[in-house]
Amino acid sequence: MSEQIAYLDCAATIPLRQIAQDAWLEAIEQLRAVPGNPAALHSGGRKAKRLLEDARERVAQCVGADRAEVIFTSGATESNALAIVGALRAVRQKTGRTVVQVGASDHPSSWNQRHRVEAEGGEWVPLGITTQGQIDLGQLSSQAAVVSVAAVSSEIGVIQPVRELASRRDTATIFHVDAAQALHTQAVDLYEDGIDLLTIAGHKIGAPVGIGALAIKRGTALQTDRPGGDQESRHRSGTVDVAGASALAAALIEVTEQRDAFTRRCHQLRNRLLGGLPAHVRPTTSAPTAPTIIHLSIPTAHPEALLLGLDRHGVLASAGSACHAGVTRPSRVLLEMGRTRDEALGVLRISLGPTTTEADIDAFLAALPDALEGAKALDALHTPSSRISS
């Protein structure tokens with residue numbers, strides 16, 4: 001295996017930003033010197049509360065929200081679950097509506113809320129996508145209780161029409177946007193974009209794993225599934241991770257400040273990668289995509305072999321399909337796009353981050369032919385003609 005690592009799986013997680021680490025350590029030191037729960041009334045508690053509210057204010061400013069409209073969570077999974085199920089509970093109680101629509105290309109943390117929605121009497125109506133992975137606006141229901149869409153698909157990178165969806169939804173429908181993959185390269189504003197609920201994921205932007213946020217527009221009905229100590233405006237009980245919140249705020253501010261320069265650099269890296277691909281490897285979609293995610297169609301039915309081959313060369317990437325216990329499954333998103341099972345198996349996701357370099361792109365392009373040859377050799381072993389009858 002190569003001693004040099006080309007990390008090209010930034011859509012999964014990116015390295016901890018130095019500014020986030022510094023903010024986290026500074027908060028930890030302050031809390032160690034003067035311990036305090038932010039809910040406590042003594043001086044230690046008040047100091048922790050000041051740290052927490054300062055972080056809340058800074059996060060809110062980055063997404064066009066007021067401080068009181070931001071709550072901290074453990075990450076995007078919790079934020080998405082609270083938004084979708086909590087909004088359904090509230091709207092159902094108020095209007096009787098039960099339809100929940102989630103984008104067909106959305107992350108499993110949203111898509112897999114189906115069983116909870118149905119268990120609570122909701123009707124799951126997927127918001128379909130076109131053959132290129134864009135939301136089919138014609139499928140938007142005028143009777144939806146909740147509409148939930150990822151601003152950028154974490155798998156295929158397609159940018160979804162958030163503002164158009166917001167303008168078309170019924171006024172009684174709560175509109176949730178998962179911005180986990182969007183904030184690096186596009187501004188997201190709670191009010192300007194017409195969003196009611198907005199998910200932020202810490203480790204996708206260089207904060208520690210285990211911290212995230214949900215922006216809740218003032219007046220948006222939401223019923224928690226976590227009753228307890230009534231922290232975070234009674235939406236999310238449990239003692240808040242003050243140091244994590246400080247790190248999240250620091251990371252998000254840096255992301256916001258560097259967004260334009262980072263976007264330009266990702267476009268350059270993306271063009272370098274696309275320009276060096278073999279003829280039989282091509283982008284999965286022609287729709288507008290975030291420059292951080294390059295989703296490729298690869299001529300193999302064994303993406304796990306391709307990934308292991310790249311890994312041997314020190315290149316870390318991911319597949320659009322999920323491998324569980326050695327069983328490769330076709331990508332649900334590509335099946336929703338109308339691709340065949342084989343097409344939904346042969347995929348590769350390259351994702352860029354603040355540490356990605358031209359050398360990383362070149363390492364991938366150099367490793368790809370050998371890795372693909374190994375995957376094709378495995379394909380050949382599994383063709384009907386190659387099987388030996390006993």
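**Reasoning about helix packing and buried residues**

Modeller: Let us start with helices H8 and H11, whose crossing is right-handed, and keep in mind throughout that this is a predicted model.

Biologist: At what angle do H8 and H11 pack, and what is that arrangement called?

Modeller: Helix H8, residues 303-312, packs against helix H11, residues 358-381, at an angle of about 140 degrees, with the two axes 8 Å apart. The word for this arrangement is oblique, because a pair counts as roughly antiparallel when the angle is over 145 degrees and as roughly perpendicular from 65 to 115 degrees, and the rest, apart from angles under 35 degrees, are oblique.

Biologist: Which residues in H8 and in H11 meet, and how do they divide by class?

Modeller: On the H8 side they are Glu 304, Ala 305, Leu 306, Gly 309 and Leu 310, while H11 brings Phe 364, Ala 367, Leu 368, Ala 371, Leu 372, Ala 375 and Leu 378. By class, the contact of H8 with H11 has ten nonpolar, one polar and one charged residues.

Biologist: Which residues of H8 are buried, and what follows the helix?

Modeller: The buried residues of H8 are Pro 303, Ala 305, Leu 306, Leu 307, Gly 309 and Leu 310. After H8 comes Gly 314, which has a positive phi, near 80 degrees.

Biologist: Ala 367 is found in H11; how do you know whether Ala 367 is buried or exposed?

Modeller: The relative accessible area of Ala 367 is 3%, and the cut-off for calling a residue buried is under 20%, so Ala 367 is buried. Leaving out residues up to four places away in sequence, Ala 367 touches Leu 310, His 313 and Val 315. Of these, Val 315 is 52 residues from Ala 367 in sequence, yet their C-alpha atoms are 7.6 Å apart in space.

Biologist: Turning to H1 and H2, at what angle do they cross, and what is their arrangement called?

Modeller: The axes of H1, residues 18-33, and H2, residues 43-62, come within 10 Å and cross at roughly 165 degrees. That value is set against the limit of over 145 degrees, and therefore H1 is roughly antiparallel to H2. Their contact divides into four nonpolar residues, one polar and one charged, and H1 passes H2 in a left-handed crossing.

Biologist: And what makes the arrangement of H2 and H7 parallel or antiparallel?

Modeller: H2 and helix H7, residues 242-275, pack at an angle of about 30 degrees, with their axes 8 Å apart. Because angles under 35 degrees count as roughly parallel, H2 is roughly parallel to H7. By class, the contact of H2 with H7 has 13 nonpolar, two polar and one charged residues, and the crossing of H2 and H7 is left-handed.

Biologist: Ser 351 is found in strand E14, residues 347-351; what makes Ser 351 count as buried or exposed?

Modeller: Ser 351 has a relative accessible area of 1%, and since buried means under 20%, Ser 351 is buried. Apart from neighbours within four places in sequence, Ser 351 is in contact with Leu 8, Asp 9, Cys 10, Ala 11, Thr 292 and Ile 293. Among these partners is Cys 10, whose backbone nitrogen lies 2.8 Å from a polar atom of the side chain of Ser 351.

Biologist: Asn 80 lies in helix H3, residues 76-95; is Asn 80 buried or exposed, and how do you know?

Modeller: Asn 80 stands at 0% relative accessibility, which is set against the limit of under 20%, and so Asn 80 counts as buried.

Biologist: Which polar contact joins the side chain of Asn 80 to that of His 176, and why is it given that name?

Modeller: The separation is 3.4 Å between the side chains of Asn 80 and His 176, and the name applies because such a pair of N or O atoms must lie within 3.5 Å.

Biologist: Finally, Asp 193 lies in the loop between strands E6 and E7; how do you know whether Asp 193 is buried or exposed?

Modeller: With a relative accessible area of 9%, set against the limit of under 20%, Asp 193 is therefore buried. The side chains of Asp 193 and Arg 163 are joined by a polar contact of 2.5 Å. Leaving aside neighbours within four places in sequence, the contacts of Asp 193 are Val 162, Arg 163, Ala 166, Ala 187 and Val 188.

Terms used. Residues are numbered from 1 along each chain as its sequence is written. This is a predicted model: local features need pLDDT of at least 70, side-chain atom pairs count only at pLDDT 80 or more; totals for chains, interfaces and linings use all residues. Side-chain values use heavy atoms; hydrogens and water are left out. Axes are lines fitted to C-alpha atoms, for helices over the stretch in contact, and angles run from 0 to 180 degrees between N-to-C directions. Helices (H or I, at least four residues) and strands (E, at least two) are DSSP runs, numbered from the N terminus. A crossing is left-handed if the near helix is turned anticlockwise from the far one by less than a right angle, and right-handed if clockwise. Ala, Val, Leu, Ile, Met, Phe, Trp, Tyr, Cys and Pro count as nonpolar, Asp, Glu, Lys and Arg as charged, and the others, Gly among them, as polar. Buried means under 20% relative accessible area, exposed over 50%, partly exposed in between (1.4 Å probe, protein chains only). A polar contact is a pair of N or O atoms within 3.5 Å; within protein, one must be able to donate a hydrogen and the other to accept it, and residues adjacent in sequence count only if both atoms are side-chain atoms. Contact means heavy atoms within 4.5 Å.
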